[in-house]
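Trainee: Could we go through this model together, starting with how its two chains meet?

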Amino acid sequence: MRLVLPNPGLDLRIPNHEDLDRIEKEEAGGRQKWDNKAQYILTCVGFCIGLGNVWRFPYLCQSHGGGAFLIPYLILLVLEGMPLLLLEFAMGQRLRKGSVGVWRSINPYLTGIGIASMLVSFLVALYYNTLIAWILWYLFNSFQSPLPWAQCPLNDNGTGFIPECEQSSTVDYFFYRVTLNTTASIEDSGGIHWPIVVCLLAAWTVVAICCIRGISSTGKAVYVTAILPYVVLGIFLVRGLTLKGSWTGIKFLFTPDVNELIEPTTWLDAGAQVFYAFGLAWGGLISFSSYNPVHNNCVQDAVILSVVTALTSVYAAVVTYTIIGFRATEKYENCISGNIMTLINAFDLPENNVTTSNYEAMLGHLNNTYPDVIPRLDIRTCDMHKLLSEGVEGTGLAFIVFTEAITNMPGSPIWSVLFFLMLFCLGLSTLFGNIEGVVVPLKDLKVFPKNWPHEALTGITCVVAFIICLLFAQRSGFYWVTVFDSFAGSVPLLTVGLFEMIAVVYIYGVDRLNADIKFMVGYKPSIFWQVMWRVVSPLIVFIILVFYLVTQAQSQLRYLVWDPNSEEFPSLVSSLYPTWINAVIFLLAGVPSIATPVYALCRLVYVRCKKQ
Amino acid sequence: MWKNTFFLFFILSACAEELCKPDASNGYKVRLSLKTALGDDAYTWNKNEMFLFQSTLAFAMRTSHTGQSYEISNIVVCNETDRVSFWFVVTSPGNPTELVENYIVEEAIRKSRHRINSAFLLTDKTLEFVGILPTLATPVSYDTPPWLIVFGVLMGIIVAGIIVLLASSIVKRKRKTRRTDEEEADEETRVKTMDNGVYNMSFSVEDKLTQM
């Protein structure tokens, strides 16, 4: 079963064990290193814990059977996440290079994997920083009381509110109109919305200053950006549990539905979430672990990181759902009170005749006595389940559901500042890994002249990225972010992850990897890791990739649009993408995915031509 | 004689009652939500409260419709319910059988809305005049948006930080190149002093050679 492809010249390209010890002793590598182990762990934790833990995992948990979802999540964490994590840590620590350098050392034909990682990191960094720009906008606007999304602006003659705001809600209006000034379709560009440009500038300069010196600057910044979210989550947990309706939310989150475990989509979503949450295949983790001392215990690190990620996901989910439960209860009670008022106004009943406790009974009684009056009244249906499930994923959770909940808490500006500061830190610490995964490969590929300092490389990357991000500053920017989110960070990562595992297990050789880990850590990895690396993890990633491609190919490309002129307003309308979106999707998802084989092919052709 | 005045009074009040009826052309419905507004501190609605309402409305009419001296009897109320809602019409002081136009009444109520609300410890929402929309309070607006101020502060700090970092790395690099230049110069002098294999003591750099 020792299936290894022939790989001549490997020993010439990589330093052997004695060389590694010598380099370490003499510090002749010239490479940066971590000030202490805590910095390294915090950077990795910050990279793995991102916005997805707050606004993707809780939604998945709730929609796939609540507490029962933890079972597939934890199983796939152990079977898929941990082995890949250890793989990346071990390769980085052993070969002491960034992602492009590592794959080039293994075999020059595999450089395409590193290039693909770099492209994916860059594309994801673009739209991720746009999300951070939106978070910054909300953060800047939180320093006033009352909060600007708590009130609707008046219409022209001052007798009512602007119809768009009246029909939807203050928070919807503030997000879609004031913040983004969204157009009605992705084809309608609408020009640049300058508040977003300003916020993008702020976001990219913050990233630039934190990453300007590589890990010597990010290593310091990460003390704040990795620890602050935990503190704020703790504060919100305490605040959330004391709010009315929080336990409704937690019960809704964790009520197990064991039937969901039979559905394949549950397992697929769990696997995809583990893969993306760990930041695998972005190249950032390989880079970070290459700055470690040679004999750092990477096996322990992989296990610690997996446990921390799992616990944090559950922690964030609990906090999120206390707030969601509070908001749903508020809205439900307002709905019932509104209906009660309508009833007593219509029938001129004394005020305390209809209360929340006898509302249902009274409604039934009145419906029987006056059957033709009730339907003409504006009685709304108040559905707690619907309120708990609406808008609880992605940007909708942060910018609509949470902001609405915060306006109902006493002392709203403080909670708003804390919440958006937490989101900002979560996003920023993930971006550090992204930028590392872009700048270091650029250095390894010798795109820039050798004597240019790291500061210049980071600066140029940030400037170029800012200019490209102006695409998202258009009025249709929201739809562009959705396109990037759906396509840039999904299929390419899975393909790169698969290629990585095949490269290490079947080209570098698992035996060699075992010997390396024995040299670095002191013991050979157990049979568990062997089975995972060789069979289980690649199989899982392959299955997820195939299912993902199949479902994408079968479904029509549709997206949700904010259109005040449509009939379904304020619900988002589902409309078809224009045909040119296929070219965009190919650029985003296709190019990084095929970068690996295309590079290998080009290199083959080039080498053959040179021989002749 | 007082039988006649009694009869006249009866006729007048009957006319007044006919003037005020639900869906009257120049009348308005009023709705009070005492328990919603005041909770346990809510007072009970009785004839005295109604008297206060009539007097407050007469005050509003007097303030708005200058020149006319409205009396409490000019405010005619009917159709009281347990909800606490009723209809009212306003009769002209000169001619008690004639109703005041509704746009005059509406303007009077709009002008003195706050005073009327305060008299009953209620708000625009809990003291409703059905058909008269309250003018909404303008949302708070600032000369300089606060977000611009926060953004300015943040950008100032970051730009200062970037300049400091870049300056310190440039200074560090200059110091390093100066030190390597010095080392190279020392290297050259060492080579020079040892040409021809003869060591010229008079041209030596002491500390480089005599390392204790």
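What follows covers the interface and then one residue inside a chain.

Mentor: This is a predicted model, where local features need pLDDT of at least 70, side-chain atom pairs count only at pLDDT 80 or more, and totals for chains, interfaces and linings use all residues. Residues are numbered from 1 along each chain as its sequence is written.

Trainee: What area is buried between chain A and chain B?

Mentor: Buried area is the accessible area (1.4 Å probe) that two parts lose on being put together, summed over both. Carbon and sulfur atoms give 67% of it here. The area is about 2900 Å².

Trainee: Which three residues supply the most of the area that chain A buries against chain B?

Mentor: Their share is 21%, more than any other three residues. They are A:Phe140, A:Asp348 and A:Glu351.

Trainee: Which residue forms a salt bridge with A:Asp348?

Mentor: A salt bridge is a side-chain nitrogen of Lys or Arg within 4 Å of a carboxyl oxygen of Asp or Glu. The count between chain A and chain B is one. Its closest N and O atoms are 3.6 Å apart. The partner is B:Lys29.

Trainee: Is A:Thr225 buried or exposed?

Mentor: A:Thr225 sits in helix 12 (residues 215–241) of chain A, helices being DSSP runs (H or I, at least four residues) numbered from the N terminus. Buried means under 20% relative accessible area, exposed over 50%, partly exposed in between (1.4 Å probe, protein chains only). A:Thr225 has 6% relative accessibility, so it counts as buried.

Methods:
Chains lettered and ligands numbered in written order. Heavy atoms only, no water. Helix = DSSP H or I, 4+ residues; strand = E, 2+ residues; numbered from the N terminus.
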